[in-house]
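Grab a pencil and work through these exercises with the model open beside you. Try each task before you read its solution.

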Amino acid sequence: MTDHVTALNQTLSGATCIDLSPVIQNGMPRWVTHPPLVLNATINHDHDNYYCQTISMAEHTGAHIDAPAHVHPGMMDHTIDTIPVQTFLAPAKLLDLRPLGLGPGDLADASTLAKIDASNGQPLAAGEVALLNFGWWERYWFTDHRWRWYSENTPGLTEDACQWLADRSPIAVGADTVAADIALRDGKKVQKSYGHDNYFLPRGIYIIECLANLNRLPVRSFFMALPLKIDKGSGSPVRAIALTFPDAGPC
């Protein structure tokens with residue numbers, strides 16, 4: 001009988017692990033109406049003989065996952081603690097939107113996503129994580145008002161793009177922006193958040209936001225993220241990573 005633990009270890013030893021999470025730190029970008037993160041070195045070696053920080057933050061801080069209960073009062077039975085722990089261990093496909101040169105408030109439509117998906121040669125399949133690289137991670141620290149610009153200015157998706165993604169039944173849609181499908185210009189929504197409201201969360205398709213380093217991914221990878229088991233949580237911060245393998249294709 002095959003030793004599955006040994007086989008898994010051998011497989012993982014040939015993988016490259018890419019960190020998709022920004023550092024949790026004071027002043028980091030956030031959705032503008034969410035409370036700021038406060039990271040404080042409350043206990044220190046000089047005074048207490050050991051070191052321990054206190055963290056105060058919203059459930060949607062840094063790289064994080066939205067549960068359906070986040071925006072749907074009729075889905076309060078679908079909070080982050082009800083999601084099976086293995087859910088976010090899944091194959092992922094990258095849709096690289098950087099060549100479009102989208103700016104704040106700009107939208108990618110369904111035909112554009114379909115063309116990118118076709119050009120990948122690896123169509124997005126049911127049960128995978130769809131990772132959208134808008135090229136926004138490169139703007140994460142953009143000005144002296146760092147978090148506010150990144151958080152108030154993002155590209156997003158048209159309604160038909162959200163429907164196109166949902167029709168492929170991914171387990172989740174992730175992006176390197178603060179709100180995935182929502183396009184913002186100077187803090188104002190360009191249109192309704194169709195992914196959050198109509199096509200993703202209502203269908204049990206989770207949303208993963210504020211991802212880092214998507215530019216380092218090939219088309220195919222294996223995505224891993226474990227949310228905290230927060231009682232009645234609307235979402236949770238995660239340490240998201242991707243495993244890539246030599247046969248996954250170019251970045």
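**Warm-up: strand β9 and its neighbour**

Task: Find out how many bridges join strand β9 to β12, and whether the two run parallel or antiparallel.

Solution. Start with β9, residues 172-175: 3 bridges join this strand to β12, and the two run parallel. Two strands pair if DSSP finds at least two bridges between them. Helices (H or I, at least four residues) and strands (E, at least two) are themselves DSSP runs, numbered from the N terminus. Now pick one bridge: A172 has Y206 as its bridge partner in β12.

Before going on, a word on the model: it is predicted, so local features need pLDDT of at least 70 and side-chain atom pairs count only at pLDDT 80 or more, while totals for chains, interfaces and linings use all residues. Residues are numbered from 1 along each chain as its sequence is written, and side-chain values use heavy atoms, with hydrogens and water left out.

**Exercise 2: the other side of β12**

Task: Work out which way β4 runs relative to β12, and which residue of β12 is the bridge partner of H64.

Solution. Step one: strand β4 (residues 64-66) is joined to β12 by 3 bridges, and these two run antiparallel. Step two: H64 has E209 as its bridge partner in β12. Step three, check the side chains of β12: Y206 and I208 point one way, I207 and E209 the other way, and all are buried. Buried means under 20% relative accessible area, exposed means over 50%, and partly exposed is in between (1.4 Å probe, protein chains only).

**Exercise 3: rings that meet**

Task: Say how many aromatic pairs the structure holds, then describe the pair of F88 and Y206.

Solution. The count is 4 aromatic pairs. In the pair of F88 and Y206, the centres are 5.2 Å apart and the planes are at 70°, so it is edge-to-face. Here's the rule: rings of Phe, Tyr and Trp (its six-membered ring) pair if their centres lie within 6.5 Å, and planes under 30 degrees apart count as stacked, over 60 as edge-to-face and the rest as tilted. This pair links distant parts of the chain, 118 residues apart: F88 sits in the loop between β4 and β5 (89-96), Y206 in strand β12. Both F88 and Y206 are buried.

Next, try W137 and Y140: 4.7 Å centre to centre with 40° between the planes, this pair is tilted. W137 is partly exposed at 23% relative accessible area, whereas Y140 is buried at 4%. Together with Y150, W137 and Y140 form one aromatic cluster.

**Exercise 4: opposite charges**

Task: Find the salt bridge partner of R203, and say where each of the two residues sits.

Solution. Side chains of opposite charge can pair when their charged atoms come close. For a salt bridge, a side-chain nitrogen of Lys or Arg must be within 4 Å of a carboxyl oxygen of Asp or Glu. R203 meets D167 this way, with the closest N and O atoms 3.2 Å apart. R203 is in the loop between α6 (194-199) and β12 (206-209), D167 is in helix α5 (residues 159-167), and they are 36 residues apart. R203 is partly exposed at 43%, and D167 is partly exposed at 46%.

To finish, put this bridge in context: the count comes to 6 salt bridges. Among them is D96 with R98, at 2.8 Å between the closest N and O atoms. Another joins K232 and D231 at 3.6 Å, N to O, and both of these residues are exposed.
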